[in-house]
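Colleague: Please take a close look at one loop residue in this model. Then work outward from there and connect what you find to the rest.

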Amino acid sequence: MLAQQLVNGVLLGATYALFALGFTLMFGVLRVINLTYGFYFSAGALVALWLARSLGWPVWAALPAAAVASGVLAVVLDWVLLTRLRRIQAPELSSLMVTLGGVLALYSALTSWLGPDIRRLPPEAISAEAFQVGDIRITAAQLLILAATAVLVGGLLLLMRGTRLGLAIRAMAEKPDAAQLMGINTGQAAALVSFISGCLAGAGGVLIGLNFNAIHPYMGEQMMLRGFVVIIVGGLGDIRGALLAGLALGVIEVLTAGFVSSSLKEAVAFLILVAVLWTRPSGLFGRAVMRRA
Amino acid sequence: MPPWLDDFLWTYQNLVHALGINGLLALSMYVVLAVGQLSLGQAAFMGLGAYSSALMTLKLKLPFLLVLPLSAVVPVAFALAIGVPTLRLSGVYLAIATIGLGEVLRAVYLNVDLFGGALGLSGIPERGEAWMIYGLLALAVLALWLVGRSGIGRAMEAMREDETAAQVMGVPVGRYKMGALLASAVLAGLAGCLSAHVSSFIGPNEYGFEPAVTILSYVLLGGIGTPLAPVLGAWVLTLLPELLRGFSDIRLVLNGVIIVLAVLFLPGGLLGMRMKRRAA
Amino acid sequence: MLRRTLLAAAAASLAATPAFAQASGPVQVGAVEILTGPNAAYGTAIRAGLELALEEVNEKGVLSGRKIALTVEDSAGNKDQAINAARKLIGRDKVVAIIGPTLSNEMFAAGPVANERKVPIIGTSTTAAGITDIGPYVFRTSLPESDVIPVTLARAKARGVKTIALMYANDDAFSKSGFDTMKAAAEKAGLTIVAIESFGSKDTDFSAQITKVRGLKPDAIGISALVEPVSGVLLQARQLGIGKETLFVGGNGSNSPKLGEIAGAAADGLLVGSPWFVGKDDPTNQAFVTKFKAKNGKEPDQFAAQAYDCMHILAAAIERAGAADSEKIKDALLQTKYSGVMGPFTFTPGRDPASTEGVVVLAMQGGKFGVAPQ
């Protein structure tokens, strides 16, 4: 049973990491407390659902399309909600507040329009086949998540470390003013980061909706608290950290529920969060860079 | 009292209580924001106050005049326990840490039988009264206003603007931060006790992430110029669902849109940012 | 229901206006239900049931031709709003009785309010323990779990089940109460409980708990939770290899057509006890189902059916009371003898439904409920 539980943990962790990737980028690079991230997650899943159900698209086409749609949505919402605040140099709390209000309105509007019901992707979207290896069972959707997480993490790291764009983004994250002086168009870079984060959120929404077979407007909201835990433990803006923290959290949660007590499963994430914040707030897996949040 | 007034007061009794209690909660948020701390532990403190006071009334059968002041004890103790490591954090880290602590407490309420688990505690006798709520609210506003006008208030504003500079100028930031946290615990704890004793039933889901964010929204809407500002914000946001009752489907949407518009176009809050103070 | 109150008028209307004299004109009845937010599906189903029954009642009216006017207020699943709604209905609209609220949590908050004002409040969907203990004006027409679950477990036992694992959502009053009942009923029935696992109602991953249970190979798994987590558990259980050999037993949360919609084939074989069933063969029920379908475009669920009966029961009580008077209506309710889509109905002196003969054990098959084979 331990083997299966470990697999369960890794799979759960992969979903957390997947959610956290775009979140840590948005948070760590744009330095904005942006609560709308969960909404892009939901939106991606819902767009994919519509494409699959109404237009009959297969998953491999719906997924990237939904991701792009979420990315565009992210750029637009950022512009609507945050531009004015950036211009008047409002305190950090204002961005928290405005994205809070915005996301409340958006979720409610979406729910009013579509209903709060849970939907599933059509069964043809992905094979429900499960593979059995010894004592362990794993489904095609879960393998897809593992693969997607690996690809996305790899791709992001490549982008950040290996391209000029990545360099520009990292420079902007470190010191926006200096970056601007060096000729980096921070406005464009910021929009691009928003776009990438939105895409990641949307892709995450599709994959996770596929895995748990539950797509509904509030799904992004439910992931947000865990998302916070992962990006804090992993270090803001740290991609590798998000991956490791996500996996670790998933495994710890599952092992706690499986071998200690299932009623502690929810509390575990927050205990870890508080412990990390009290001892090493810049994150366990990130570089120990002292940053003002 | 003419019957229509009697009816009116009875109909809106819960709303009247809620306005007062949310005002207290807004103040508990205000005191920490006033020293520049984004602590979101008010809902957690409220829960501690509510549960401890409910248990005192139900199990220990203490009289309410004793329970009310005692309800501040557990939240204050908790604040003391977590204060030191938590107040080292700043900005959003502090916010998330306090939310995390609130969720840990919620897990305790759910899993320990004494607190009733998911069923919560019901049958709490209605001992709280409007005059108690508003009396405390008025006292709190007055006290905070007096503090704000004094030298301490100036020091707090300095901390808010730039903590390091304030420290350099000799402001004992550590002590003020802890003091603000303790004041926040007292206010929220009392609010929790009163809330439990006017609504007969409390459950673990009332003191988590969403209520914490709601309390924050009171202050962000109202502003922190004077102690009256957050209370005003609380009143507007408490009344909104009731005023919008006729718009059931789009009520929440309107709620969110109003918050967005308020923040975008009234960044200093409804009453503006600065407090008028006597010259130094 | 359309509300004519505009925002500007709302502020003005907060100032009380005296209500209509009660001697003539429509009889005011109120309902507090969840119309928006995550659990709105239950509340809107209930409202549909109430409105259909209201149409039928108002064809003849009550008390010599007076119509019943129903005001439905939204609680949005929020305890405070449920209280405000109840107070508004009683204080401003002067209703003679209230139907609802939707969730047991809300009843614990709003029930005392109605009780204090001596206005009968009738829950149609509240199944937790202790509801009617709130006070002598609190009624319910929904069968408490403690009456239904033993029937379902007896059927499981008759099929040879000896060991059972219990899973439940530990952060929701209804689910927890249902679990307490399930545990007690399982013990009483002589089943061996091999494991007890909990989860959160909003969780999506149950793999840890399911894997643990899978290892113990129980004959049956009992789940007490609302329909979304139940569906999630079922789906993941099938993914993890728990097959037809394990019998799933659900509490009242599983008693919803959404189970079939969300879980699909994964829910096949699940047993749940229900006071009502859409395929029930008697003419009253079939007439109701047909009418409901014609009006709302889909079949009714248990919540709509219970609400439908409740409105008729209340109308009959008003008629029996002889006046639009809350005290007389309360006494009249206690004397209810009604036969509706739920079957024959009377109240116990404790104001709970007296008869469990209507309980039928259903099994899910192909996304739809059917009577469970023996």
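**From one loop outward**

Modeller: C:K217 is exposed, because 12 other C-beta atoms lie within 10 Å of its own and the cut-off for exposed is 12 or fewer. This is a predicted model. C:K217 sits in the loop that joins helix 7 (207–216) to strand 8 (220–224) of chain C. Its backbone deserves a look: phi is near 50 degrees, a positive value in a residue other than glycine. Most residues other than glycine have a negative phi.

Now set B:S200 beside it. Here phi is near 60 degrees, again positive in a residue other than glycine. B:S200 lies in the loop between helix 10 (173–199) and strand 2 (201–202) of chain B. Is it buried or exposed? B:S200 is buried, because it has 22 C-beta neighbours inside 10 Å and the cut-off for buried is 20 or more. So the positive phi of C:K217 goes with an exposed residue, while that of B:S200 goes with a buried one.

The helix just before B:S200 is worth following. Helix 10 of chain B has 27 residues. Its first and last C-alpha atoms are 39 Å apart, close to the 39 Å expected at 1.5 Å a residue. The helix is mostly covered, with 21 of its 27 residues buried. The positive phi of about 60 degrees at B:S200 comes just after this helix. Helix 6 (residues 91–111) of chain B gives a similar reading. It has 21 residues and reaches 31 Å between its end C-alpha atoms, close to the expected 30 Å. Of those 21 residues, 17 are buried, so helix 6 of chain B is also mostly covered.

Back to chain C, for one more backbone feature. The peptide bond from C:G100 to C:P101 is cis, with omega near -10 degrees. Most peptide bonds are trans. C:P101 falls in the loop between strand 3 (97–99) and helix 4 (104–116) of chain C.

C:I98 belongs to the set of residues with the most contacts inside the largest nonpolar core, along with A:L273, C:A86, C:M311 and C:L314. That core has 331 residues. Which element gives the largest share of it? Helix 1 (residues 2–30) of chain A does, with 16 residues. Domain 1 and domain 2 of chain C both give residues to this core, so the core lies between them.

Those domains are assigned as 7–143 + 282–341 for domain 1 of chain C and 145–274 + 359–371 for domain 2. Their centres, taken over C-alpha atoms, are 31 Å apart. The contact takes 10 residues from domain 1 and 14 residues from domain 2.

From the core, C:A86 leads to a strand. Beyond its near neighbours in sequence, C:A86 touches C:V32, C:I98, C:A110, C:V113 and C:A114. C:V32 is in strand 1 (residues 27–33) of chain C, where seven of the seven residues are buried, so the strand is largely enclosed by the rest of the structure. In a regular strand the side chains alternate between the two faces of the sheet. Here both faces are covered. C:V27, C:V29, C:A31 and C:E33 are buried on one side. C:Q28, C:G30 and C:V32 are buried on the other. Strand 1 pairs with strand 2 (residues 68–74) of chain C in the parallel sense, over seven bridges. C:V32 stands opposite C:E73 of strand 2.

Chain A ties in through its contact with chain B: 33 residues of chain A are in contact with 31 residues of chain B. On the chain A side, helix 3 (59–87), helix 4 (92–114), helix 9 (219–234) and helix 11 (265–279) each supply at least two residues. Helix 4 of chain A gives the largest share of that side, 13 residues.

How far can chain A be trusted? Its mean pLDDT is 82, and 91% of its residues reach 70 or more. Confidence is lowest in helix 7 (residues 176–181) of chain A, at a mean of 75, and highest in helix 10 (residues 239–260) of chain A, at 91. Residues 288–293 of chain A fall below 50, though the stretch has 10 contacts in the model beyond near neighbours in sequence. Where pLDDT is low, the predicted coordinates should not be read in detail. Helix 10 of chain A has 22 residues and spans 31 Å, close to the expected 32 Å. Of these residues 16 are buried, so helix 10 of chain A is largely enclosed by the rest of the structure.

Note on methods:
Residues numbered from 1 in each chain as written. Chains lettered and ligands numbered in written order. Predicted model: local features only at pLDDT ≥ 70, side-chain atom pairs only at ≥ 80, totals over all residues. pLDDT = per-residue confidence, 0-100. Helix = DSSP H or I, 4+ residues; strand = E, 2+ residues; numbered from the N terminus. Contact = placed C-beta atoms within 7 Å. Expected span 1.5 Å × (residues − 1). Core = buried A, V, L, I, M, F, W, Y, C linked by C-beta atoms within 7 Å. Domains from an automatic or database assignment. Pairing = 2+ DSSP bridges. Lists of a residue's contacts leave out its neighbours within four places in sequence.
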